[in-house]
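Q: Please pick one part of this protein and look at it closely. Then work outward from there to its surroundings.

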Amino acid sequence: MSRVICAGHLNWDVTLRVDALPDPDGEVAVDSRRCGGGGSAANVANGLADLDVDSSLLGSVGDDEHGRTARAELADNGVDVSHIVTSGDLETSTKYIVVEPSGEVMVLGCPGANEAFSADDLPEAALDGADHLHMTSQRPETATRLAERAAEHGVPVSFDPGRRIDDRGYGPAITSVDYLFLNDREAALALDAFDLTEQTLVLKHGPEGAEIRDGERREAHPGYPIDVVDTTGAGDAFAAGFLAARVEGADDQRALAVANACGALASKAPGARTSLTWDDVRAFLGE
């Protein structure tokens, strides 16, 4: 059984590196083009597998070459893909990720099959054997029901709603989970809109590190100075590191240190997925 179940998007990513983002009605040349599987839930599941944590993915793709390739990439890395739904009506979702030299990104998304799965597509047996459920962007009703089902099985839940937190009606899901992963912009919106006194907040501050807020308790880690190449997937690598550390029994400070190391490793390399190893993580930790 998988120790961590990840639920959310599985995409096909097309990453375009440019010298600068174009002005309105402008044009820039593409310096390089890279394609491969992506999607936040898939990235976290892949990162967990890199870190020797049994992981599985609940998501959906189209019945096409991109979907088959994205699924095969995960399986080859050790992710349990048996809960991935294949839609015969929709194509695999494609994201175009434009990266400028500073490492900042702009994302263009094409609608597709990445939300064709439902909470009922996760078998009871999977939850019975799980230590944790991690959710990323998906239909709000699916996220809410998954959180409810996990609670019925005594499985703790984390949720990283992503950049669309302010327009997807995630309130019931957000207030149903145990851990909430947010960057600074998302935290400003969520803290203003929801009562989060029952949630443990894992706040990502980019180059300033990260912190945990649990009631009045605060735990912070400053992060690591690096030369950023591409921030695509850095938050997903952060989540994978945090969850890998926690399921192995690490305390909050250790989990933050590992998570920041994984986010830094992802930011130092192009693309949404970076191979995460404990040797590289320990090097960041000075061990």
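A: **A histidine and the helix beside it**

The side chain of His9 comes within 3.2 Å of the backbone oxygen of Ser137. This is a predicted model.

Where does His9 sit? The residue is in the loop between strand S1 (4–7) and strand S2 (11–18). Is His9 buried or exposed? His9 counts as buried because its relative accessibility is 10%, and the cut-off for buried is under 20%.

The contacts of His9 beyond four places in sequence come from several stretches of the chain. One run is Gly38, Gly39, Ser40, Ala41 and Ala42. Another is Thr136, Ser137 and Gln138. Lys95, Asn114 and Glu115 are also in contact with His9. Ser137 thus appears twice: as a contact of His9, and as the owner of the backbone oxygen that the His9 side chain reaches.

**Helix H1**

Two of these partners lead on. Ala41 and Ala42 are buried residues of H1. That helix spans 40–50. Of its 11 residues, 10 are buried, and H1 is mostly covered. The buried set runs on from those two alanines through Asn43, Val44, Ala45, Asn46, Gly47, Leu48, Ala49 and Asp50.

What covers them? The cover includes strands S1, S3, S4 (55–62) and S8 (132–136). Helices H2 (65–76) and H7 are also part of that cover. Just after H1, Asp52 has a positive phi of about 70°.

**The cavity**

H1 also borders enclosed space. A search of the whole structure turns up 1 cavity of 30 Å³ or more. The largest cavity holds about 70 Å³. From H1, the lining takes in Asn43, Asn46 and Gly47. With these 3 residues, H1 gives the most to the lining. Helices H1 (40–50) and H7 (234–247) are the elements that give two or more residues. Asp236 and Ala237 are in the lining too, and both fall within the span of H7. Other lining residues include Gly233, Ala266, Ala272, Arg273, Thr274 and Leu276.

By class, the lining has 4 nonpolar, 5 polar and 2 charged residues. The three from H1 are also among the buried residues of that helix.

**The pocket**

Ala272 and Arg273 lead to a second space. They line the largest cavity, and they are also among the residues nearest the centre of the second largest pocket. Arg34, Gly36 and Gly37 are the others named there. This pocket has a volume of about 220 Å³ and a lining of 14 residues. Which elements give two or more residues to it? They are S2, strand S3 (30–38) and H1. S3 gives the most, with 4 residues.

The lining of this pocket divides into 2 nonpolar, 7 polar and 5 charged residues. H1 therefore turns up in both linings, because it gives two or more residues to the cavity and two or more to the pocket, each element being a DSSP run. S3 has a second link to the helix, as part of the cover over its buried residues.

**Charged pairs elsewhere**

Now step away from H1. The whole structure has 16 salt bridges. One joins Asp63 and Arg68, at 3.0 Å from N to O. Asp63 counts as exposed, at 54% relative accessibility.

Arg149 and Glu124 form another, at 2.8 Å. Arg149 belongs to helix H4 (residues 140–152) and Glu124 to helix H3 (residues 124–128), so this bridge ties together parts 25 residues apart in sequence. Arg149 is buried, with a relative accessible area of 3%. Glu124 is partly exposed, at 43%.

Arg217 and Asp252 make a third pair, their closest N and O atoms 2.7 Å apart. The link runs from strand S13 (residues 217–221) to helix H8 (residues 252–267), and the two residues are 35 apart in the chain. Arg217 is partly exposed at 34%, whereas Asp252 is buried at 12%. Both belong to a network of salt bridges that also holds Asp214 and Arg246.

**Back to the loops**

Asp23 makes a contrast with His9. Asp23 lies in the loop between S2 and S3, and it counts as exposed, with 60% relative accessibility. His9, in the loop between S1 and S2, counts as buried. From Asp23 to Asp80 the sequence separation is 57 residues, and the C-alpha atoms are 43 Å apart.

Conventions. Residues are numbered from 1 along each chain as its sequence is written. This is a predicted model: local features need pLDDT of at least 70, side-chain atom pairs count only at pLDDT 80 or more; totals for chains, interfaces and linings use all residues. Side-chain values use heavy atoms; hydrogens and water are left out. On a 1 Å grid over the protein atoms alone, a cavity is a set of points where a 1.4 Å probe fits but cannot get out, and a pocket is an open set with protein on both sides within 12 Å along at least five of seven lines; lining residues have an atom within 4 Å of a point. Grid points are joined across faces, edges and corners, and a volume is the space filled by probe spheres set on the points. Ala, Val, Leu, Ile, Met, Phe, Trp, Tyr, Cys and Pro count as nonpolar, Asp, Glu, Lys and Arg as charged, and the others, Gly among them, as polar. Buried means under 20% relative accessible area, exposed over 50%, partly exposed in between (1.4 Å probe, protein chains only). A polar contact is a pair of N or O atoms within 3.5 Å; within protein, one must be able to donate a hydrogen and the other to accept it, and residues adjacent in sequence count only if both atoms are side-chain atoms. Contact means heavy atoms within 4.5 Å. A salt bridge is a side-chain nitrogen of Lys or Arg within 4 Å of a carboxyl oxygen of Asp or Glu.
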